[in-house]
Amino acid sequence: MTDAVSTATRPAASDMVRRLPEYLMIWVPLLLSAAHLISFSIWTIWISFTPSTLVPVTGWVGLRNYTSVLASRNWQIAFDNLLLFGSAFVLLSLITGLLLAILLDQRIRGENVLRSIFLYPLAVSFVVTGTVWSWLLNPGIGIEKLAHDLGWASFHFDWLVNRDMAIWTIVIAAIWQSSGFAMALFLAGLRSVDADIIKAAQIDGAGPIRTYWRVILPTLWPITITVVVIQLQFAISAFDLVRALTNGGPGIATQLPALVVYDLMFQRSQLGRGAAAAVLMLLILLAVLLPYAAWRYVQRRQATHA
Amino acid sequence: MRDRSFAPSRILIYLVVTLFAAAYLAPLVVVVLNSLRTNEEIAQGSMIGWPQHLAWSNYALAWSGFCVAETCAGIRPYMLNSALITIPATIFSTMLGAVAGYAVSLWRFRGDSWIYGIVTLGLFLPQQMRLLPWTFVLRDIGLINTLSGLVLIHTIQGLSFTVLFCRNYYVAIPHELIRAARIDGAGFFRIFWRIILPLSSPILIVTVIWQFTHIWNEFLYGVTFTTGQQQPVTAALIALSAAIADIPQHGVQSAAVIIAALPTLLIYLLGGRYFVRGLTAGAVK
């Protein structure tokens with residue numbers, strides 16, 4: 001609609017010059033941003049089809065980089081870990097976040113202070129979180145050592161150095177860091193539930209638990225899906241936290257896709273394979289985001305038609 | 001359900017909330033306490049304990065004493081690096097984002113929704129898809145292993161967020177306001193300065209806090225594109241843990257962690273409301 005003003009008369013050449021600063025200011029940042037997103041994606045995809053190792057080279061190897069990444073033990077462990085870490089982390093942080101939001105919604109004293117406590121980890125870097133949890137979970141100096149010093153000699157908590165359990169230390173640290181995010185969104189959702197609906201349920205004789213289960217929680221579905229998608233997006237690209245907490249170890253027990261990409265690109269100088277692993281990460285992400293985008297689209301259409 | 005009586009159920013609620021709060025605070029408390037214990041004291045016991053006497057010297061050592069990769073200047077040069085990356089990148093990306101957000105929401109031009117749509121895809125594109133291209137670009141323009149290179153990256157990549165934040169905020173400004181100003185002959189910049197900017201402080205605070213926190217805490221680009229003395233503090237912390245893995249100095253390390261986390265924690269304490277608004281604004285994208 002506002003186009004009418006700018007295209008009413010074809011701008012004369014002098015007008016174009018006069019408005020040059022304006023065009024530059026509008027277009028340069030937007031074009032730089034858009035162009036880097038598109039060209040960098042294409043660039044990385046292209047490299048993934050070339051035999052590049054130390055430096056990018058031209059050439060075409062088809063899907064060979066992909067098959068070799070997919071066949072590598074490193075990637076297979078990383079992918080299995082991602083499935084476990086992604087589902088456990090998302091589920092547990094949803095439950096924690098929802099529980100905290102419901103508790104904070106009970107008109108309790110000190111709500112602001114408590115909310116700040118549950119959210120402050122989000123202001124801290126994953127490097128710091130990972131470092132601190134690597135101390136706490138280290139059996140030699142952390143919680144296990146404390147229990148031993150206090151006289152509980154049989155206490156055992158060595159997940160950090162236990163191949164089978166190490167991935168759970170990342171789950172713990174990730175939940176500590178970002179369940180507050182789920183709480184913040186759920187709390188906003190709870191606060192926007194229509195008070196009349198709640199009152200109606202109470203008049204019908206529903207107790208608090210029944211009211212939550214039957215009336216309030218169902219309204220939180222859209223928020224839940226948003227939280228799940230954002231947390232999954234974090235899980236898929238998780239790098240800093242793992243790097244600081246376990247660095248993929250012990251051995252490669254806590255390898256994740258982002259670490260495989262970094263390892264291939266910058267430690268093994270396998271640019272083609274590293275790019276292929278990055279594209280695989282993007283595909284995993286799209287498997288989450290595209291259904292979400294479709295769902296959002298349907299929701300919006302329903303909202304406009306209603 | 002929402003009464004204020006002190007029934008047993010209320011006590012249970014307070015009990016559970018307090019336990020959770022303790023669990024969330026525990027890691028911070030542990031690190032703060034450790035930053036005041038001597039390395040020997042920690043080595044004898046565990047990381048979890050009360051300081052016998054306050055070892056403030058940990059902070060002095062962490063700030064300017066201990067050695068990372070053969071340079072013994074503490075964490076100070078890396079804090080400075082982080083500041084020199086974060087502050088300019090935050091300012092640039094916020095300013096450019098505000099102007100672009102205003103352009104796509106209120107000024108409008110041909111192709112605006114297209115380019116806006118592409119720019120916001122940057123919220124989703126993993127960093128790993130951009131690592132190699134950035135490496136080559138930075139090398140070609142001579143900015144590899146420089147702070148300016150990281151400022152450039154964070155400015156361009158930050159635009160995806162800043163444009164989104166500002167655009168979603170400016171959309172609510174009535175178009176009539178802009179149309180009237182244009183009929184009066186006000187141009188693009190005059191409208192921005194006189195009408196848009198004075199209305200913008202809430203969203204600019206949200207954007208600045210968001211950008212500062214994210215850039216300060218960023219690690220992957222820092223560790224990929226810089227080495228040694230050019231690294232931001234997140235990368236230096238990792239280098240520090242690797243460097244002193246043989247002879248642990250957990251007291252000094254704890255102090256270094258506190259110092260590195262302090263800027264974003266302070267911003268969170270001062271602007272928590274805006275911080276949360278940024279979180280939810282980023283979520284409803």
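Is the crossing of H3(A) and H15(A) left-handed or right-handed? It is left-handed, and the first view below takes a look at that crossing. Before that, a word on the model: it is predicted, so local features need pLDDT of at least 70 and side-chain atom pairs count only at pLDDT 80 or more, while totals for chains, interfaces and linings use all residues. Residues are numbered from 1 along each chain as its sequence is written, and chains are lettered from A and ligands numbered from 1 in the order in which they are written.

**View 1. H3(A) crosses H15(A) at an angle of about 125°.** Helices here are DSSP runs (H or I, at least four residues; strands are E, at least two), numbered from the N terminus. The axes of H3(A) and H15 (residues 271-305) sit 7 Å apart; axes are lines fitted to C-alpha atoms, for helices over the stretch in contact, and angles run from 0 to 180 degrees between N-to-C directions. The two helices are therefore oblique to each other (under 35 degrees is roughly parallel, over 145 roughly antiparallel, 65 to 115 roughly perpendicular, and the rest oblique). Left-handed means the near helix is turned anticlockwise from the far one by less than a right angle; clockwise would be right-handed. Thr44(A), Ile45(A) and Ile47(A) of H3(A) meet residues of H15(A) including Leu271(A) and Val279(A). Sorted by type, the residues of this contact are six nonpolar, two polar and no charged.

**View 2. Chain A meets chain B.** Here 74 residues of chain A are in contact with 70 of chain B, where contact means C-beta atoms, placed from the backbone, within 7 Å. Helix H3 (residues 20-47) gives the most to chain A's side, with 16 residues. That side holds 53 nonpolar, 14 polar and seven charged residues (Ala, Val, Leu, Ile, Met, Phe, Trp, Tyr, Cys and Pro are nonpolar, Asp, Glu, Lys and Arg charged, and the others, Gly among them, polar). Zoom in on Tyr24(B), which lies in helix H1 (residues 8-34) of chain B: among the residues it touches are Phe118(A) and Trp176(A). Tyr24(B) counts as buried because it has 21 C-beta neighbours inside 10 Å (20 or more is buried, 12 or fewer exposed, in between partly exposed, with C-beta atoms placed from the backbone).

**View 3. Ala173(A) is buried in helix H9 of chain A.** Why buried? Ala173(A) has 27 C-beta neighbours inside 10 Å. The residues it touches include Thr129(A), Trp133(A) and Leu245(A). Gly97(A) is 76 residues from Ala173(A) in sequence and 14 Å away in space, C-alpha to C-alpha.

**View 4. Two loops of chain A have a backbone surprise each.** A cis peptide bond, with omega about 0°, joins Gly249(A) and Pro250(A). Pro250(A) sits in the loop between helix H13 (240-245) and helix H14 (257-267). Ser269(A), in the loop between H14 and H15, has a positive phi of about 50° even though it is not a glycine. With 13 other C-beta atoms within 10 Å, Ser269(A) is partly exposed.

**View 5. Arg108(B) has a positive phi too, of about 65°.** Arg108(B) is not a glycine either. Look for it in the loop between helix H4 (76-107) and helix H5 (112-120) of chain B. Arg108(B) counts as partly exposed because it has 17 C-beta neighbours inside 10 Å.

Notes
Contact = placed C-beta atoms within 7 Å. Lists of a residue's contacts leave out its neighbours within four places in sequence.
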